[in-house]
Amino acid sequence: MDIKEPQYINSESTIIDCMIEHPKFGWIPTTVNLTNDDRPELVAQLAKMSITDFIPEVIALSTTKENAQLKIENFSTQCRAQIADNADHYKAAGWTDKHQRAARIKSGNPEPDDIAIVQKEISRRKKGETVNQLVDIQLAKAKTYAFATSEIDGMESAAISAIDAASSAEQIATLLATLKTEANQALTTLIAK
């Protein structure tokens, strides 16, 4: 794992901002709380690095909040991509159509081409599925994705609200690290489902 630009962002030297290189998404800004981060390999690698000291800056609180919110939004986008198995936006957009089509078939009210479309996918998948089996798979996948997305969206909204309510840059740094740790734990649970 490649890491660059590690810097303590609090006076206690317990929270680090850095950039981590992701094989697909490139350099991603990341915050690591050394006291409770659930990524031991990342913490261990940072422990071996030279980390820039905390430099108190006179930055407007509004700018600090904007930067923190951007980090939360980027992190949420990465979580959604991970849940969707890094599907591109065309594939993900097609899932809504598949869900609606599967629901119509399951309810006994398919549109004229619904069954033919599912049969076409079955023939290309070559897994010996029936229309009802693939419909059940698509409905289950849609439900799982909907629950995961609602969890991520809810966490993102709560995090942004908490950042808006923060009254200091230190409070935002601590809050951001805590929120990311909680989100990583939730993401691990979601991926395991």
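# A sheet, its helices and a few unusual residues

Reader: In what order do the three strands of the open sheet stand?
Author: Happy to start there, keeping in mind that this is a predicted model. The sheet is an open one made of three strands, and their pairing is antiparallel. Reading across the sheet, the order is E1-E2-E3.

Reader: Which strands stand at the edges, and why?
Author: Strands of a sheet pair through backbone hydrogen bonds, in either a parallel or an antiparallel way. A strand with a single partner has one side left without a neighbour in the sheet, so it stands at an edge. That is the case for two strands here, E1 (3-8) and E3 (26-33).

Reader: How far are neighbouring strands of this sheet turned against each other on average?
Author: The three strands run in the order E1-E2-E3. Ignoring direction, the average turn between neighbouring strands of this sheet is 20°.

Reader: How many bridges join E2 and E3?
Author: Strand E2 covers residues 15-22, and together with E3 it forms a hairpin with three residues in between. Two facing pairs help you find your way: Ile16 is opposite Val32 of E3, and Met19 is opposite Pro29 of E3. The antiparallel pairing of E2 with E3 runs over this many bridges: eight.

Reader: Is Glu5 buried or exposed?
Author: Glu5 is a good residue to look up, with its place in strand E1. Its phi is positive, about 55°, although Glu5 is not a glycine. The relative accessibility of Glu5 is 56%, and exposed means over 50%, so Glu5 counts as exposed.

Reader: Where is Asp85?
Author: Asp85 comes just after H2 and has a positive phi of about 55°. With a relative accessible area of 66%, Asp85 is exposed. Its place is in the loop between H2 and H3.

Reader: What distance does helix H2 reach from its first C-alpha to its last?
Author: Helix H2 takes in residues 61-83, which makes 23 residues. Its buried residues include Ala68, Ile72, Phe75 and Cys79. At 1.5 Å a residue the expected reach is 33 Å, and the helix comes close to that, with a span of 33 Å.

Reader: At roughly what angle do the axes of H3 and H4 cross?
Author: Helix H3 (residues 89-106) and helix H4 (residues 114-125) have axes that come within 10 Å of each other. Their crossing is left-handed. The angle is roughly 120°.

Reader: Which residues in H4 does H3 meet?
Author: On the H3 side, the contact is made by Lys98, Arg101, Arg104 and Ile105. The residues of this contact divide into four nonpolar, no polar and five charged. The partners in H4 are Asp114, Ile115, Ile117, Val118 and Glu121.

Reader: How far apart in space are Thr174 and Thr31, C-alpha to C-alpha?
Author: Thr174 lies in helix H6 (residues 169-192). It counts as partly exposed, at 38% relative accessibility. Along the sequence Thr174 and Thr31 are 143 residues apart, while in space their C-alpha atoms are separated by 9.8 Å.

Notes: Residues are numbered from 1 along each chain as its sequence is written. This is a predicted model: local features need pLDDT of at least 70, side-chain atom pairs count only at pLDDT 80 or more; totals for chains, interfaces and linings use all residues. Side-chain values use heavy atoms; hydrogens and water are left out. Axes are lines fitted to C-alpha atoms, for helices over the stretch in contact, and angles run from 0 to 180 degrees between N-to-C directions. Helices (H or I, at least four residues) and strands (E, at least two) are DSSP runs, numbered from the N terminus. A crossing is left-handed if the near helix is turned anticlockwise from the far one by less than a right angle, and right-handed if clockwise. Contact means heavy atoms within 4.5 Å. Ala, Val, Leu, Ile, Met, Phe, Trp, Tyr, Cys and Pro count as nonpolar, Asp, Glu, Lys and Arg as charged, and the others, Gly among them, as polar. Two strands pair if DSSP finds at least two bridges between them. The expected span of a helix is 1.5 Å times one less than its number of residues. Buried means under 20% relative accessible area, exposed over 50%, partly exposed in between (1.4 Å probe, protein chains only).
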